[in-house]
Structure formats: C-alpha cells, structure tokens
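Open the model in your viewer and keep the selection tool handy. We will walk from the ligand outwards, one stop at a time.

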Amino acid sequence: MKTLLIVRSSVNGAASFSNRLLEAWVAHARQRLGEVRVVERDLAAHPVPLLTPETVAAIRAGVVDTPARIEADRLARELVAELQAADEIALGLPRYNFQAPAGFKAYIDTIARPRITFRYGESGPEGLLTDKPTYALMASGGLYPAESDHYVPWLRQVLGFLGLKDLRVIQAQGVAMDAEGALARATAAINATT
Ligand SMILES: Cc1cc2nc3c(=O)[nH]c(=O)nc-3n(C[C@H](O)[C@H](O)[C@H](O)COP(=O)(O)O)c2cc1C
C-alpha cells in the first residue's frame, strides 16, 4: 500500500482553498492507487517553531545538549522521516504576501539539515531526500504569470536542493475574483494527474 504525505499550511482551516485542493488530490489519489495510507501534517494547527539562536545549533550542526535542542532535533527527525516514508507528497500552499506562509518557511528551515537532507560534495550541493512525485497545490487571490513570479521558482529551488526534484505544480489562481472557476480548473488538473 502506498503512503501519501499531505502537508497543510493554510491558516484558513475548512475555508481554505489549498486545503480543498488537498482533499481533491487525496480523493483522486485513491482512484489512481487504490487503498492508500494518508499521513497528514498540519503546520497551522501544529506550527513548527522558528529557529532560535539556541535551536539552530541542533538543526544545522547536530548539537543536542539542551532540552530545546533535543526537542528541535526530535521534531526535525520526525518531519524528515515522514518525507522519506512517503511515496508521494502533496503540499497545500496558499500565497500570503506574495510568498509561502511563514509556517511553511519554518518547516523548510527545520527539514533543511546539513548531512541529513543535503550535503556539499566536490561537485556542489546534493539533496539527500529520495526523489518522489511532489505536488504543490497552490491558492492565490490574484494572478501570477510565471515570468513575474518568484514563489514557484523558490519552491522548485529549495525542494530540489533537498532532493525533491519531481515537483508538479497545480494552482488555483485568482480566487479573489472567481473562486469557483479557479477551484474547478485546479481540480480538473488534479483529476488529470496519472
Ligand atoms: C495573510 C494573507 C496574505 C495574502 N496575500 C496574498 C498575496 O500576496 N497575493 C495574493 O494573490 N493573495 C493573497 N492572499 C489571498 C490568498 O492567497 C487566498 O485567500 C488563498 O485562497 C489563500 O489560500 P488558502 O485559502 O488555502 O488559505 C492573502 C491572504 C492572506 C490571509
């Protein structure tokens, strides 16, 4: 049985468009794959703490000598294990002030760990997460043509840096103008995935 990891980051709960896209994605994944195990990480309900001067030593240098560092290391290992155990990942990603929600950035800052999720070799950086289909299910109030956007390129850069290069982006753009139309188009794109 395949394992799916869904990561929520919207603060809008049941009213969230990215959460609705995640529901559509899971429903379609069940059709594609049959019985699946779904693991859910909700970064809004259970925020990953921001790095601090104390915890950064645990995340980046592996120093685990205080309760705060031990907890930061424990959580980071749990998050990375979830990513590694998944066969496919879906990230629910709203656009807040032109970028990812702060909670998602805190998540990235915690899972990006030297020698655990990336390393520098002689030929440069190497991502250590096992590559797998990773869906970015995005929602935004406005419209963002690819050539003027920096959210998706950043996402592709940082996930690729960690080894997740197979990024598949589906966006519900313009929900402030035509929410149902944007949702319907994004859901159709989800339902077309194989
Ligand atoms: C704090 C905040 C900031 C936002 N900033 C933007 C923005 O910069 N650009 C945009 O197009 N929409 C923006 N929006 C609208 C959201 O992108 C839109 O409501 C989208 O549906 C959010 O995803 P969600 O429904 O999953 O939370 C913002 C919404 C919030 C709550």
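For this tour, a polar contact is a pair of N or O atoms within 3.5 Å. Bear in mind as you click around that the model is predicted.

**Stop 1: the ligand and its polar neighbours**

Select the ligand, then add Asn12. A polar atom in the side chain of Asn12 sits 2.9 Å from one of the ligand's oxygen atoms. Now add Tyr144: here a polar side-chain atom is 2.7 Å from a ligand nitrogen. For Asn97, show the backbone too, as a polar backbone atom of Asn97 lies 2.7 Å from a nitrogen atom of the ligand.

How much of the ligand's accessible area does the protein cover? On its own the ligand has 620 Å² of accessible area, and the protein covers 74% of that. To see which elements take part, colour α1 (17-33) and β6 (134-140): these are the elements that give two or more residues to the shell around the ligand.

**Stop 2: the whole shell**

Widen the selection to the 16 residues around the ligand; Ser10, Ser16, Ser18, Gly142 and Tyr144 come nearest. Colour the shell by residue type and you should find 7 nonpolar, 8 polar and 1 charged.

Pick out Ser18, which belongs to helix α1. Is Ser18 buried or exposed? Ser18 is buried, with a relative accessible area of 2%. Show its side chain together with that of Ser16, and you will see a polar contact between the two at 3.2 Å.

**Stop 3: Arg95 and the loop after β3**

Go back to Tyr144 and add Arg95. The charged end of Arg95 sits over the Tyr144 ring, 3.7 Å from the ring's centre.

Next, return to Asn97, in the loop between β3 (88-94) and α4. Asn97 is exposed, with a relative accessible area of 73%. Check its backbone: phi is near 50°, a positive value in a residue other than glycine. Then select Phe98, which is also in the loop between β3 and α4. Its phi is positive too, near 75°, and Phe98 is again a residue other than glycine.

**Stop 4: aromatic pairs**

Show the side chains of Phe, Tyr and Trp. The model holds 7 aromatic pairs. One of them is Phe104 with Tyr107, a tilted pair with 5.8 Å from centre to centre and 35° between the planes. Why are these two about one helical turn apart? Because Phe104 and Tyr107 are 3 residues apart in helix α4 (residues 102-111). Both Phe104 and Tyr107 are buried.

For a second pair, select Phe118 and Phe161. This pair is tilted as well, with 4.7 Å between centres and 45° between planes. Phe118 lies in strand β4 (residues 118-121) and Phe161 in helix α5 (residues 151-161), so the pair ties together parts that are 43 residues apart in sequence. Turn on the surface and look at each partner: Phe118 is buried at 5% relative accessible area, while Phe161 counts as partly exposed at 25%. The cut-off used here is that buried means under 20%.

Finish by adding Trp154 to Phe104 and Tyr107: ring pairs link these three residues into a cluster.

Notes. Residues numbered from 1 in each chain as written. Predicted model: local features only at pLDDT ≥ 70, side-chain atom pairs only at ≥ 80, totals over all residues. Heavy atoms only, no water. Near = heavy atom within 4 Å. Polar contact = N/O pair within 3.5 Å; in protein donor to acceptor, adjacent residues only side chain to side chain. Areas by Shrake-Rupley, 256 points an atom, 1.4 Å probe, with all protein chains shown as cover. Helix = DSSP H or I, 4+ residues; strand = E, 2+ residues; numbered from the N terminus. Nonpolar A, V, L, I, M, F, W, Y, C, P; charged D, E, K, R; others polar. Phe/Tyr/Trp six-rings, centres within 6.5 Å; stacked < 30°, edge-to-face > 60°. Buried < 20%, exposed > 50% of the residue type's maximum accessible area, 1.4 Å probe, protein only. Lys NZ or Arg CZ within 6 Å of the ring centre and 35° of its normal.
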